[in-house]
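Please open the model in your viewer and keep the sequence panel beside it. The tour below goes from one selection to the next.

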Amino acid sequence: MKNLKTLAVLGLTAVVSLGLVACGSSTQAASDTTDATTAAASAETDQVYRTLDEIKESGEINIGVFSDKSPFGYVDEKGDYQGYDVYFANRLAEDLGVKANFVSTEAANRIEYLQTGKVDVILANFTVTDERKEEVDFALPYMNVSLGVVSPADKVVTNLDDLTADDPLIVISGTTAETYLIENYPNLTLQKYDTYANAKNALENGNGVAWVNDNTEVLAFASENEGYQVGIATLGSKDTIAPAVTKGNQTLLDGINEEIKSLGEEQFFHKDYEETLVTTYGADYVNELVVEGGVTE
Amino acid sequence: MPDLGLDVLWKGSNLLRLLGGLGVALRISLIAVVISIPLGLLLGTLMTGKNVILKFILKLYLEFIRIMPQLVLLFMVFFGSTRMFGWQPSGELSAIIVFTLWGAAEMSDLVRGALISIPVHQYESSEALGLTKVQTYCYVVIPQTVRRLIPLSINLITRMIKTTSLILMIGVVEMIKVAQQIIEANRTTSPNAAFGIYLVIFLLYFLACWPISLLAKYLERKWR
């Protein structure tokens with residue numbers, strides 16, 4: 001009797017699961033056919049990206065942004081994308097006459113997203129570097145980044161040349177700040193910390209005279225914490241942040257470049273800064289951070 | 001009580017978004033479970049069969065999936081299929097494919113293990129008693145195998161649910177990603193929110209996995 005019951009249960013499970021397998025494979029098959037058509041379409045044209053006309057025709061542009069890097073790209077409590085990059089993305093979509101479809105990307109997969117055509121453009125705080133230029137095409141820049149130095153307000157460090165080996169500088173290991181200081185100021189003493197939190201504690205405890213980090217980070221730190229001041233807002237080589245498109249997507253690249261140039265006339269990125277960055281970085285540094293019309297000095 | 005920054009959960013629709021993220025994670029893992037368990041049962045049974053070529057292919061499949069980290073598999077399906085074949089599977093579909101392949105592979109090995117754990121003398125006794133092959137499987141082997149499989153497959157299912165935390169890397173916004181979004185958006189106003197939000201996530205994962213463990217316990221007792 002007990003065995004019969006077990007058998008019945010097993011039989012039922014088998015039938016249900018077979019049904020589900022069938023359902024599963026039929027949806028799989030359906031998606032395979034759609035995939036096959038896309039494959040055929042892309043094989044014809046032999047390109048992974050969509051041209052400007054194709055984007056306009058579809059009525060939607062796929063934009064890869066950060067969804068957890070406040071204040072550049074993040075999601076607010078209503079579930080809407082916000083931030084400096086997103087503000088520009090919305091304007092870009094509006095001027096192209098299409099809807100912006102935001103895709104949440106990570107720092108590690110931004111290039112892959114472009115190379116497989118899963119997004120049309122990346123607007124995720126993407127720093128222009130020579131290595132990346134080989135993989136993707138960058139449009140004109142819309143922001144500057146470099147290093148910065150923050151120190152206690154009662155003893156502000158305004159020039160690294162004034163320091164001696166007895167004035168230790170705080171850096172986070174593995175950052176561009178560390179590399180830059182080792183190369184350019186080999187005689188200065190560095191105190192290296194593994195995490196942001198440890199470096200912050202070290203500065204607060206007075207272990208070093210100043211903290212060298214990305215200038216956005218030090219500006220944010222100074223505006224969030226009483227009693228600290230950014231003595232040097234730009235240090236070392238200036239890098240830029242720019243939109244990126246799939247390598248070879250010339251029409252879209254030209255479209256974005258024109259857009260950035262025309263936005264320069266209305267000082268759009270100053271307005272963007274006002275709306276999204278001013279609470280984090282303060283109004284004093286707008287000209288250090290913002291690039292208008294793609295023109296860097 | 002220390003400030004855990006839990007107030008951010010009540011801002012706007014944050015709590016609903018977090019639950020929605022859990023929904024995405026559960027949807028993907030459960031669809032994969034429902035497809036991969038029967039598939040694993042089938043493959044596992046085939047692995048104990050006599051066909052050497054089939055066994056070799058299945059073994060190769062199992063080892064490949066087991067050696068590859070899940071993240072690599074996700075990238076291979078999501079980005080690799082576009083590079084190789086020009087397919088554009090959505091992030092969710094890619095995740096379901098990977099989790100199904102993974103679940104089926106691990107399940108098949110569990111099934112194989114459970115099947116060969118039935119001593120040979122039981123088969124021989126059944127034959128001596130005059131049971132046919134089908135009867136032997138239905139009355140003797142399968143009931144014992146299923147009982148042995150329950151705790152193992154529950155372990156696999158809960159692991160599949162928890163591993164959905166990786167799929168944020170292929171752009172699927174699930175619970176962990178929503179949590180990171182909430183924490184980051186409130187970085188300046190409630191810097192402690194990370195503790196509170198991750199505590200809530202812990203509770204939510206627990207609430208999702210616990211009923212499955214309870215069900216397993218119930219079945220184990222019932223089929224003893």
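What span should the 16 residues of α9(A) have at 1.5 Å a residue, and how far apart are its end C-alpha atoms? The expected span, 1.5 Å times one less than the number of residues, is 22 Å, and the end C-alpha atoms are 23 Å apart, which agrees. This is a predicted model, in which local features need pLDDT of at least 70, side-chain atom pairs count only at pLDDT 80 or more, and totals for chains, interfaces and linings use all residues. Residues are numbered from 1 along each chain as its sequence is written, chains are lettered from A and ligands numbered from 1 in the order in which they are written, and side-chain values use heavy atoms, with hydrogens and water left out.

Stay on α9(A), residues 250-265, and colour its buried residues (under 20% relative accessible area, 1.4 Å probe, protein chains only), which include L252(A), L253(A), I256(A), E259(A), I260(A) and L263(A). Just beyond the helix, Q267(A) has a positive phi, near 50 degrees.

Next, add helix α3(A), residues 84-96, whose axis lies 11 Å from that of α9(A) at an angle of about 110 degrees; the two helices are therefore roughly perpendicular (65 to 115 degrees). Across this contact (heavy atoms within 4.5 Å), F88(A), R91(A), L92(A) and D95(A) of α3(A) meet I256(A), E259(A), I260(A) and L263(A) of α9(A).

Finally, select β2, β3 and β4 of chain A, which form an open antiparallel sheet in that order. Within the sheet, Y74(A) has Q82(A) in β4(A) as its bridge partner.

Terms used:
Axes fitted to C-alpha atoms, helices over the stretch in contact; angles between N-to-C directions. Helix = DSSP H or I, 4+ residues; strand = E, 2+ residues; numbered from the N terminus. Parallel < 35°, antiparallel > 145°, perpendicular 65-115°, else oblique. Pairing = 2+ DSSP bridges. Buried < 20%, exposed > 50% of the residue type's maximum accessible area, 1.4 Å probe, protein only.
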